Amino acid sequence: MPRSQRRSRRLAADLGLLVVAAAFVLPLAWVLLSAVDPHADLRVKIPDGFTFGNLDAVLTPDITYTPLLNSLILCGGATVLTVGCAALAAYPLSRYRSRLNRPFLLSILFATSLPITAIMVPVYALFVQINLIDTVQGTILFFTASQLPFAIWLMKNFMDGVPKELEEAAWTDGANAAQSLVRIVLPLMGPGLAVVTVFAFVMMWGNFFVPFMLLLSPDQMPASVSINDFFGNRGSVAYGQLAAFSVIYSTPVILLYLLVARRMGSGFTLGGAVKG
Amino acid sequence: MSHPASHPVSRSPLTRRVLRVLPLAPALVLLLLFLGGPIVYCAYLAFTDLQLTGQAHSSFVGLANFRRAFHDDAFLNAVWLTLVFTVLSALVGQNTLGLALATLMRRASKPVRTLTGGIVITAWVLPEVVAGFLLYAFFRREGTLDALLGLLHLPSENWLFTLPILAVSFANVWRGTAFSMLVYSAALDEIPNEIEESAEVDGAGGWRRMWHITLPMIRRSIGTNLMLNTLQTLSVFGLIWVMTRGGPGDRSQTLPLFMYEQAFQNSMIGYGTAVALLLLLVGSLFSVVYMRLLRTEV
């Protein structure tokens, strides 16, 4: 292809992408600009002044620190449980051949794609029956169960990528399966482990429906639910503060995503994850 | 495959087999209790008249909840809106835009590619409720969209009131397109360059190349992506809740919001669960199709 034609094609592609990018960036620009705008309202505009007032106003225990801490306890606890259980479960699935592996993996794959939203009403009714409603530990356990299928699936595929030969050396030195999992397999699949961990954490950090249904006391609510309080008394929404809080609440997951972005990007074929 | 013969500890085969599946136990217990349990309970509750108002006993009512649903205009409305929402935002919006972005990215210059990718992915990584607020501000009267229309001297409008289902569909496209984009970028990367080049030498134009060569080669990714988009969209709750609460009236009330309203605002857990069971069945159906698409690879 002649160079000029190639260049004009590139230009057309650039233009197309920039149009989409412009449309997508508007809501993001609103939240960033409004967070530092002393007179924020609903539209994107250049702030008429610059203020940390919005940040100052939301950085109180009631509005920011307690909900974020609640989010951290819920999501951190559930992530540790999820990754731990998934790593244990993935080991026999990846290392031993068994007639049960295939049915188990198929059930896991099936569970991966079930709409969790649909079972929240029965989960609520069930949690009332067994006294787990409005408890942090109950919510953590449900979060863990809802993330486990995908975590096991990913973990198994990452584990398949660690050559067995490396473990065999450890076995001859007398290590058992547990030692070989902790000392050899998991360190070697560090990047995969990071992807599973970050993915589970990010999914739960942003989840609104689960804590909204399973927690009742306001002082236990994570940020995903407490953010709705900004709309408590309609008509007098402090948009600047809402924006400032949104930025604070979203920053951790964006940073975490950046941490694993490259690895996720390259291995993102879900097919690829399936093939392992 | 079994352990090498040199494995130091020799145990009876049964003990060894038990020890091997032992690590599965914690995950299995959690899954059975907190995922399997509710699904079974869901199937049971859907046939009862359990209410929220603390009545002592609920009784078995057979198919009454389902019969009621299919005569309930509000339910049929929710089914219709769910269909519109899914087709518009998942099948048409996210899928097509994601493919278009992935295709353009292969030709675009690196800075533009990085910038666009970054922005689209940020929209996807944001917590659901935050995305809801951003799009609420975008579509409301005096929001950004109206400001843009004002620049073009077009009348302003409260889009969340006039076209609520369209507004939440666009919101879902904004939030979900990155996933399709990533899936298609990965799929397109796997097409060998020679194939595209030889088609080009043969004089096949852009659209024909897309239709006859590219799309057939990534058809598995298309299937996977459509299925996952659909499943994801069927369970959207927070985004719509934040933007419209399902309103005005019930004009953006998709099935998850309808289910919630029946169970908690109207205190009819039994009826709400029946709707949930239907949603779960539709989800399972898609899930099975999705698994068949991946079947050869498990």
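In this predicted model, B:Leu52 is partly exposed, as 17 other C-beta atoms lie within 10 Å of its own, a count that falls short of the 20 needed for a buried residue. B:Leu52 belongs to the loop that links α2 (25-45) with α3 (64-70) in chain B. Once neighbours up to four places away in sequence are set aside, the contacts of B:Leu52 are B:Phe264, B:Ser267 and B:Ile269. B:Leu33, by contrast, sits 19 residues from B:Leu52 in sequence, and the two C-alpha atoms are 23 Å apart in space.

The contacts of B:Leu52 lead on to helix α14 of chain B and what follows it. B:Ser267, just after α14(B), adopts a positive phi of about 60 degrees. Helix α14 itself spans residues 255-265, and eight of its eleven residues are buried, so the rest of the structure largely encloses this helix. The buried positions of α14(B) are B:Leu255, B:Pro256, B:Leu257, B:Phe258, B:Met259, B:Tyr260, B:Gln262 and B:Ala263. Their packing partners come from both chains: α5 of chain A on one hand, and α4 (73-107), α13 (238-244) and α15 of chain B on the other.

Two of these partners, α5(A) and α15(B), also meet each other. The axes of α5 (residues 120-129) of chain A and α15 (residues 269-294) of chain B approach within 8 Å, crossing at roughly 140 degrees. With that angle, α5(A) is oblique to α15(B). From α5(A), the contact draws on A:Val121, A:Pro122 and A:Ala125, while α15(B) supplies B:Ile269, B:Gly272, B:Thr273 and B:Ala276. Sorted by class, the residues of this contact are five nonpolar and two polar, with no charged residue among them. B:Ile269 thus appears here in α15(B) as well as among the contacts of B:Leu52.

A further helix pair across the two chains is formed by α3 (residues 61-95) of chain A and α2(B), whose axes are 7 Å apart and pack at an angle of about 120 degrees. This makes α3(A) oblique to α2(B). Here A:Cys85, A:Ala86, A:Leu88 and A:Ala89 of α3(A) face B:Pro26, B:Ala27 and B:Leu30 of α2(B). The residues of this contact comprise seven nonpolar, no polar and no charged.

A:Ala86 deserves a second look. Beyond residues up to four places away in sequence, A:Ala86 touches A:Leu148, A:Ala151, A:Ile152, A:Met155 and A:Val196 in chain A, and B:Ala27 in chain B. Together with B:Val275, A:Ala86 has the most contacts inside the largest nonpolar core, which has 170 residues. Helix α9 (residues 164-189) of chain B contributes the largest share of this core, with 15 residues. Domain 1 (1-51) and domain 2 (58-275) of chain A each give residues to the core, and it therefore lies between them.

Direct contact between these two domains of chain A involves nine residues of domain 1 and six residues of domain 2. The domain 1 side of that contact has six nonpolar, one polar and two charged residues. Taken over C-alpha atoms, the centres of the two domains are separated by 32 Å.

Chain A as a whole has 13 helices and zero strands. Its C-alpha atoms fill a box of roughly 70 × 70 × 35 Å along the principal axes. Of the 276 residues in chain A, 46% are buried. Among the contacts in chain A with a separation of 6 or more, 76% join residues 24 or more positions apart.

Turning to the contact between the chains, 85 residues come from chain B and 79 residues from chain A. On the side of chain B that touches chain A, the classes are 58 nonpolar, 18 polar and nine charged residues. B:Leu104, in helix α4 of chain B, offers a closing view of contacts across the chains. B:Leu104 is buried, with 20 other C-beta atoms within 10 Å. Apart from its neighbours within four places in sequence, B:Leu104 is in contact with A:Ala13, A:Gly16 and A:Leu17. Within chain B, 81 residues separate B:Leu104 from B:Ser185 along the chain, while their C-alpha atoms are 9.8 Å apart.

Conventions:
Residues are numbered from 1 along each chain as its sequence is written. Chains are lettered from A and ligands numbered from 1 in the order in which they are written. This is a predicted model: local features need pLDDT of at least 70, side-chain atom pairs count only at pLDDT 80 or more; totals for chains, interfaces and linings use all residues. A nonpolar core is a set of buried Ala, Val, Leu, Ile, Met, Phe, Trp, Tyr and Cys residues joined through C-beta atoms within 7 Å. A residue is buried if 20 or more other C-beta atoms lie within 10 Å of its own, exposed if 12 or fewer, and partly exposed in between; C-beta atoms are placed from the backbone. Helices (H or I, at least four residues) and strands (E, at least two) are DSSP runs, numbered from the N terminus. Domain bounds come from an automatic or database domain assignment. Two residues are in contact if their C-beta atoms, placed from the backbone, lie within 7 Å. Axes are lines fitted to C-alpha atoms, for helices over the stretch in contact, and angles run from 0 to 180 degrees between N-to-C directions. Angles under 35 degrees count as roughly parallel, over 145 as roughly antiparallel, 65 to 115 as roughly perpendicular and the rest as oblique. Ala, Val, Leu, Ile, Met, Phe, Trp, Tyr, Cys and Pro count as nonpolar, Asp, Glu, Lys and Arg as charged, and the others, Gly among them, as polar.
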